[in-house]
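Subject: Structure for you to look at

Hello,

Here is the structure I said I would pass on. My notes follow below it.

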Amino acid sequence: MITYADCPRCFTDMEAIDSSYESCCGLIAAMAQECAWKLSPIAAKSLYTGMVTDSGRFRYDSTSAQTHRMAAFLMEQKFDTNDIYRNLYADDFSRIQLKAKFVLKIQFSPKNVAYIYTTKEEVAELDVDLFTISRGMVNTMADIKNVDIWCNFTETDNGVQCELRSSIYNINPIAVKYGGGGHAKASGACVADRETAMNMLRDLEQLQEMIREANEVEVQDSVYEYVTRLTQATREHPLIQLGVSPRGALAVCRMAKAYAFVRGRDYVLPEDVAAVFPDVCCHRLVMSTKARRMEEKPETVLRSILAS
């Protein structure tokens with residue numbers, strides 16, 4: 001298995017896992033470079049396309065200097081990047097017209113969450129499928145200045161389909177609260193009626209305000225150094241095959257800030273880091289073969305690191 005996603009457990013004989021990459025294609029490109037593989041232009045183009053799509057055209061926060069180095073490596077093979085973008089992002093004129101209609105429907109909540117609400121009657125008038133209206137139109141709001149969360153509400157025969165998106169925040173807990181799910185910055189749910197959809201909108205506003213306040217919590221250099229020591233220990237531990245990545249370390253810092261915030265403090269203590277460290281890092285570890293034979297649990301190893 002080759003993946004850039006954090007895996008909670010191993011299920012294959014051989015694994016290459018590194019969550020510091022923006023995409024699986026980026027990880028494969030790095031392997032190709034390190035192993036001096038000869039890539040054909042079509043192979044390089046395919047890997048580059050995967051990096052473009054998984055990184056949101058190199059815009060998502062998973063994009064790093066490493067991402068651009070791998071992109072440059074792939075572009076050493078001669079292929080037309082414009083051909084990739086034309087096929088990925090070019091629209092028919094009819095779709096551009098549809099997007100224009102939805103742009104004119106954009107509204108803003110008091111806390112500047114952008115949203116579109118489409119009634120069943122409007123859906124019938126548009127004469128396009130629900131997928132195009134709900135998921136297809138949600139990102140007409142993606143590039144509005146000073147808008148960090150946006151959502152598209154579409155009435156259906158089964159309720160209101162809700163597509164939630166954010167450029168920087170994890171909005172998935174709100175989708176889960178209303179019976180849905182998805183990814184951290186792209187989630188969805190189906191709710192009973194418009195009133196419930198508006199309640200979801202208010203929850204998104206509250207989440208945004210809480211995260212902004214939590215982000216203001218101070219982290220001193222000594223605490224950052226403590227996080228670095230802990231995560232480095234996971235990468236050097238004999239029972240751990242793959243430890244916590246730099247991205248995982250950042251997640252520890254963010255969670256520690258939130259932990260301090262909900263306890264009424266505007267600064268992080270080492271105790272806050274220790275409290276969140278196992279929960280944040282447990283699923284990020286890949287245990288060694290010896291550890292799996294010994295049935296050592298990641299939680300136990302992490303606690304031993306904290307105690308050392």
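With which side chain does the side chain of Glu163 make a polar contact? The partner is the side chain of Arg165, at 3.1 Å. Please keep in mind that this is a predicted model.

The two side chains also meet in a salt bridge, and both Arg165 and Glu163 are buried. Glu163 lies in strand 6 and has a relative accessibility of 4%; the cut-off for buried is under 20%, so Glu163 falls below it. Leaving aside neighbours within four places in sequence, its contacts include Trp150, Asn152 and Ser187.

Strand 6 belongs to an open sheet of six strands with mixed pairing, in the order 3-4-5-6-8-7. Strand 3 (107–108) and strand 7 (181–182) each have a single partner strand, so one side of each has no neighbour in the sheet. The partner of strand 3 is strand 4 (residues 114–118), antiparallel over two bridges, with Phe108 opposite Ala114. Helix 9 (residues 194–215) lies across strands 4, 5, 6 and 8, at about 170° to strand 5.

The count of salt bridges comes to 14. One of them joins Lys105 and Glu122, with the closest N and O atoms 3.2 Å apart. Lys105 is in the loop between helix 5 and strand 3, and Glu122 is in helix 6, 17 residues apart.

Another joins Lys177 and Asp203 at 2.8 Å. Lys177 is in helix 8 and Asp203 in helix 9, so this pair ties together parts 26 residues apart in sequence. Lys177 is exposed, at 55%, whereas Asp203 is buried, at 14%.

Regards

How values were computed. Residues numbered from 1 in each chain as written. Predicted model: local features only at pLDDT ≥ 70, side-chain atom pairs only at ≥ 80, totals over all residues. Heavy atoms only, no water. Pairing = 2+ DSSP bridges. Helix = DSSP H or I, 4+ residues; strand = E, 2+ residues; numbered from the N terminus. Contact = heavy atoms within 4.5 Å. Axes fitted to C-alpha atoms, helices over the stretch in contact; angles between N-to-C directions. Buried < 20%, exposed > 50% of the residue type's maximum accessible area, 1.4 Å probe, protein only. Polar contact = N/O pair within 3.5 Å; in protein donor to acceptor, adjacent residues only side chain to side chain. Salt bridge = Lys/Arg side-chain N within 4 Å of Asp/Glu carboxyl O.
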